[in-house]
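Please walk me through this structure in the viewer, one selection at a time. I have not seen it before and would like to know what to pick next and what is there.

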Amino acid sequence: MAMAARGERRGLLGVVAVIAFAILLALGIWQIQRLAWKQDLIARVEQRTELSPQPAPGPEIWPALDYDQFDYLPVLVVGEFDHDNEVHAYVALGDPKGPLGGQGYFILTPVVTEDGWVVLVNRGFVPEDRKDPATRLEGQIDGRVEITGLLRPPQTRNRFTPSDDPKANIWFTRGPAAIGVALEIDPDRLAPYYVDAVYNPDLPDGLPQGGETIVSFSNNHLQYVVTWLGLAAALAVISVLRIRSSRRSRPESRSG
């Protein structure tokens, strides 16, 4: 009876080991596929950012807008800034491309295009002490402007993102839909994306400091591949050693 119980236990452990090995192997293969996808995405985005700017997508394109094709695409926006409705999106700019960084705000300003629709343009970074537009009046450009920048999808929120404070005009996400509600912009006229403006050297003091788009992607898939396949290999080795050990011990058990 005892030997039968041990045999059943070994068989159960073997089944569990096979299932665990299959799961680890599947996870490793999936991460290999994800690695190939991420490398292709990075290559496509790097090529895309080097394209010549094209007109920003208008309302006729919004319903079918595919961010896999449009994210980081250089675009041209022509219209007028609505400076009275600029939005301040908090940011801690740790690795600035320009001279200024640290805690501050991205200045998102609605641009009323020549065709009558509206797009939020992230004009760039300002330090905390330049948040008030009165401290940078010369940079509040009036009249017709042509803005070149990178098209970006709405910024998503996670559980650690603080709540936006529309009354204080302090935002922690760059989401055109929510900002449009606060600014009372007709949603049918507001682009679902925003545009990160390139650096404009002609602005007094260089503010807002454009060109601060972070074009990077976390790519830990190779690490995950090594982890899952390494665990699968370790499990296989341990299982083989246990089987060999079990086979060696059987004759001794019968002779006792």
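Select β4 (102–113) and β5 (118–127): the two strands run antiparallel and are joined by 9 bridges. Strands here are DSSP runs of E with at least two residues, helices are runs of H or I with at least four residues, and both are numbered from the N terminus. Two strands pair if DSSP finds at least two bridges between them. This is a predicted model, in which local features need pLDDT of at least 70 and side-chain atom pairs count only at pLDDT 80 or more, while totals for chains, interfaces and linings use all residues. Residues are numbered from 1 along each chain as its sequence is written, and side-chain values use heavy atoms, with hydrogens and water left out.

Go to the turn next. β4 and β5 form a hairpin with 4 residues between them, and Gly 116 in this turn has a positive phi of about 100°. At another point on the pair, Gly 104 has Pro 127 in β5 as its bridge partner.

Stay with β4 and colour it by burial. Buried means under 20% relative accessible area, exposed means over 50%, and partly exposed is in between (1.4 Å probe, protein chains only). Of the 12 residues of β4, 9 are buried, so the strand is largely enclosed by the rest of the structure.

Now add β2 (74–81). β2 and β4 run antiparallel and are joined by 3 bridges; Phe 81 has Val 111 in β4 as its bridge partner.

Then add β3 (residues 87–93). β3 and β4 are antiparallel too, with 7 bridges between them. Val 91 has Gly 104 in β4 as its bridge partner, and Tyr 90 stands opposite Tyr 105 in β4. β3 is largely enclosed by the rest of the structure, because 5 of its 7 residues are buried.

**Aromatic rings**

How many aromatic pairs does a search of the whole structure find? There are 3. Rings of Phe, Tyr and Trp (its six-membered ring) pair if their centres lie within 6.5 Å; planes under 30 degrees apart count as stacked, over 60 as edge-to-face and the rest as tilted.

Select Trp 62 and Trp 117, an edge-to-face pair with 5.6 Å centre to centre and 85° between the planes. Trp 62 is in the loop between β1 (54–55) and α2 (67–70), and Trp 117 is in the loop between β4 and β5, 55 residues apart. Both Trp 62 and Trp 117 are buried.

Return to Tyr 90 and Tyr 105, which also form an edge-to-face pair, at 5.9 Å centre to centre and 80° between the planes. Tyr 90 is partly exposed, with a relative accessible area of 27%, whereas Tyr 105 is buried at 9%. Add Phe 172 to see one aromatic cluster of Tyr 90, Tyr 105 and Phe 172.

**Charged residues**

Which residue forms a salt bridge with Arg 152? Select Asp 71: the closest N and O atoms of this pair are 2.8 Å apart. A salt bridge is a side-chain nitrogen of Lys or Arg within 4 Å of a carboxyl oxygen of Asp or Glu. Arg 152 lies in strand β6 and Asp 71 in the loop between α2 and β2, so the pair ties together parts that are 81 residues apart in sequence. Both Arg 152 and Asp 71 are buried.

Add Tyr 72 to the view: the charged end of Arg 152 sits over its ring, 4.1 Å from the centre. A charge sits over a ring if NZ of Lys or CZ of Arg is within 6 Å of the ring centre and within 35 degrees of the ring normal. The charged end of Arg 123 sits over the ring of Phe 81, 4.6 Å from its centre.

Next, select Arg 136 and Glu 86, a salt bridge whose closest N and O atoms are 2.8 Å apart. Arg 136 is in the loop between β5 and β6, and Glu 86 is in the loop between β2 and β3, 50 residues apart.

**The nonpolar core**

Finish with Val 119, Ile 147 and Tyr 193, the residues with the most contacts inside the largest nonpolar core, which has 19 residues. A nonpolar core is a set of buried Ala, Val, Leu, Ile, Met, Phe, Trp, Tyr and Cys residues joined through side-chain atoms within 4.5 Å. β7 (190–197) is one of the strands that each supply at least two residues of this core, and the largest share, 4 residues, comes from β7.
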